[in-house]
Amino acid sequence: MKLLQTTLLASALALAAAGAPSPAHAVDALELVNRTLDQASDLAALPRQQVQLKRPPLVHEHDQVAKGGPKVVQFTLPIVEKEITIDGEGTKMHAMTFGGSIPGPLMVVHEGDYVEVTLVNLASNTMPHNIDFHAATGAMGGGDLTVVQPGEEVTLRWKATRPGTFVYHCAPGGPMIPWHVVAGMHGTIMVLPRDGLKDGDGKALRYDRAYYIGETEFYIPRDADGNFKAYSSHAESLPDTLAAMRGLVPSHVVFNGAAGALTGENAMKSKVGETVLMVHSQANRDTRPHLIGGHGDYVWEEGKFNNAPLKDLETWFIRGGSAGAALYTFRQPGMYAYVNHNLIEAVLLGAAAHFKVEGDKWNHDLMTTPSAVGAIAPDTDLSLPSSN
């Protein structure tokens, strides 16, 4: 089976290469880096921090304001290929993941820190992989330096020079790039300003909780009867999946890997009075997050903290291939729906989540019902709006 998978993959890559000739006189970043490794900065004097990543929507522990000077922040990121179920009907697909989750875990560092990621392609996997950080500089975001076959690992280090939220994803070349992304291989890194978030007028902003919502569209092929097909391997699914992808009509649009992954018992939690940072990414398509019953008090639509945040948004826009961030302080208890406000995608395709907000008091100044639900009153004016 591995021979078949390798053959199909090689064919796909060869097809992509034939249609996309390399630019003349292009610098081979991998060769240049390897040849000049003795010139790399000596960071032995910097403190090192080994981070234990968390599965989204959770975020690993971090300081909102940096303590001390720059440091080397170390992450280990295993690549896991596995079969997953993506909806309540039992639809399955062969996923490719960073860290075993869709999206991959959110990484948090501060501007000026060095990000050191050990990327591990498990021996049980069948595909080559790499990682492209939109926040990094050069070498295809690190993608040129990190191609690893099953059973290999590589460590990439880069300096976080720009604060904001940035997507990372797998980009092994040709049609493998979009396939690996829509199979789940994407995540986000958040580079905080060293002195923390600001409101645009220099006033500090803080959050009590942070959650990461990664939106993915899946393209599950259907059989002649319209039923979703299942496959025994990534390689077997490749031709049909590429054909479905070319149609640009997703079968599912979901948060965190599956329809309902962040609803009901899996809802994100908060309390009245708490401020929550919501980081939202979409590696491939545009999306429009909306918190029903709430707002974006402060929103960095483009995810870049050097820019002043927008305020009081009802819905915000996350362009494909980027991540954004929004702050909201919950003021009423209850269940809140957090959706992609293309409501077709939210309701019919799965792009919906819940926040469960604890509290035992209702603020009737913000919302109340002077007249409860009941029969139409005899004195209710039933005339229609005037056309004059």
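Right after helix α4 comes Leu-248, and its phi is positive, near 60°. Helices here are DSSP runs of H or I, at least four residues, strands are runs of E, at least two, and both are numbered from the N terminus.

Quick health warning: this is a predicted model, where local features need pLDDT of at least 70, side-chain atom pairs count only at pLDDT 80 or more, and totals for chains, interfaces and linings use all residues. Residues are numbered from 1 along each chain as its sequence is written, and side-chain values use heavy atoms, with hydrogens and water left out.

Okay, back to α4. It has 13 residues, 234-246, so at 1.5 Å a residue it should span 18 Å, and its end C-alpha atoms are indeed 18 Å apart. That expected span is 1.5 Å times one less than the number of residues. There's also a bend of about 35° at Asp-240, meaning the angle between axes fitted to the seven residues ending there and the seven starting there. Which α4 residues are buried? Among them are His-234, Leu-238 and Met-245; buried is under 20% relative accessible area, exposed over 50%, partly exposed in between, with a 1.4 Å probe and protein chains only.

Now, the cores. A nonpolar core is a set of buried Ala, Val, Leu, Ile, Met, Phe, Trp, Tyr and Cys residues joined through side-chain atoms within 4.5 Å. The largest has 45 residues, and Phe-75, Trp-158 and Ile-189 are among those with the most contacts inside it. Its largest share, 5 residues, comes from strand β2, residues 72-85. A second, separate core has 22 residues, including Leu-262 and Tyr-328.
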